[in-house]
Amino acid sequence: MRFDVITLFPEMFQAARLGVTGKALEGEQASLQLWNPRDYTEDNHRTVDDRPYGGGPGMVMKVVPLKAALQQAKDAAPDSRVIYLTPQGQRFDQKAAREMAQRSGIIMLAGRYEGIDERLVDCCVDEEWSIGDYVLSGGELAAMVIMDAITRLLPGVLGHAESAEQDSYMNGLLDFPQYTRPDELNGRDVPAVLLSGDHAAIGRWRLQQALGRTWLRRPDLLEQRELSDEEERLLEEFIRTHQGASASS
Ligand code: ADE
């Protein structure tokens with residue numbers, strides 16, 4: 001998958017060279033090309049911001065260098081849609097990551113300052129996406145979040161053991177809790193079933209924990225998901241045990 005990013009801060013993307021995304025960029029699963037509007041300025045000061053019409057605080061990204069950088073990216077990646085990262089966009093989630101992972105590439109436009117000229121959005125942006133209801137200082141971190149969420153879904157990026165199929169949200173539930181050595185920590189033991197070697201029982205316990213945690217922390221996710229008879233039964237048992245435990249404490 002090909003990622004192109006229009007950014008005034010290409011150095012930030014050094015972080016994408018680490019870990020899972022880094023491995024994919026070194027291999028052939030993903031590539032990253034950065035385009036800096038500052039390289040397309042024509043004045044001595046290499047100006048990349050401009051005053052907003054109508055006044056008010058803050059600046060807007062200067063149109064001419066931004067448009068030129070975007071055009072270069074589009075010429076280099078003609079099959080990629082242009083995504084503008086903005087709090088005004090559609091909310092990015094695991095479903096969006098799965099859909100985007102099917103594409104051959106995306107061009108992400110990371111805004112800075114108060115944003116970009118709306119006419120650029122109209123002419124040249126295909127989609128607007130937000131990573132959450134908060135305001136970042138620029139779209140770069142959002143672009144890296146999206147890049148990370150997509151890259152781990154690309155074939156051959158994660159090994160079998162860490163397969164994305166097991167992730168939270170892939171099955172519409174939060175993750176079950178994990179434990180590692182030692183088997184006693186701060187006076188608390190690892191749940192016995194995990195030491196039992198009974199893989200069917202471990203699978204049921206994990207599914208029950210995932211259902212229970214989702215019920216406790218994100219009931220909205222359960223409303224969007226059909227439960228099988230087995231899942232209903234496991235969740236009911238979790239709820240009974242949980243209510244028993246809170247009544248006795
Ligand atoms: N740019 C600034 N804030 C953002 C957000 N929440 N999501 C995507 N892009 C942004």
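**Helix 5 and the nonpolar core**

In this predicted model, the buried residues of helix 5 are Glu140, Ala142, Ala143, Met144, Ile146, Met147, Ala149, Ile150 and Thr151. Helix 5 is thus described as mostly covered, with nine of its 12 residues buried. From its first C-alpha to its last, helix 5 reaches 16 Å, a span close to the 16 Å expected at 1.5 Å a residue.

The largest nonpolar core of the model comprises 33 residues, and those with the most contacts inside it are Phe3, Phe92, Ile106, Met108, Ile146 and Ile150. Two or more residues are given to this core by each of strand 1 (2–6), helix 1 (19–26), strand 5 (81–91), helix 3 (94–100), strand 6 (105–110) and helix 5 (140–151), and the largest share, seven residues, comes from helix 5. When neighbours within four places in sequence are left aside, Met108 is in contact with Phe3, Asp4, Val5, Ile6, Ile83 and Leu85, as well as with Ala143, Ile146 and Met147. A second core, separate from this one, has 19 residues, among them Leu8, Trp35, Ala77 and Cys124.

Helix 5 also packs with helix 1, at an angle of about 70° and with the two axes 9 Å apart; helix 1 and helix 5 are therefore roughly perpendicular to each other. In this contact, Thr21, Ala24 and Leu25 of helix 1 meet Met147, Asp148 and Thr151 of helix 5, and by class the residues involved are three nonpolar, two polar and one charged. Of the residues that helix 5 brings to this contact, Met147 and Thr151 are buried.

Key. Residues numbered from 1 in each chain as written. Predicted model: local features only at pLDDT ≥ 70, side-chain atom pairs only at ≥ 80, totals over all residues. Heavy atoms only, no water. Core = buried A, V, L, I, M, F, W, Y, C linked by side-chain atoms within 4.5 Å. Buried < 20%, exposed > 50% of the residue type's maximum accessible area, 1.4 Å probe, protein only. Helix = DSSP H or I, 4+ residues; strand = E, 2+ residues; numbered from the N terminus. Contact = heavy atoms within 4.5 Å. Axes fitted to C-alpha atoms, helices over the stretch in contact; angles between N-to-C directions. Parallel < 35°, antiparallel > 145°, perpendicular 65-115°, else oblique. Nonpolar A, V, L, I, M, F, W, Y, C, P; charged D, E, K, R; others polar. Expected span 1.5 Å × (residues − 1).
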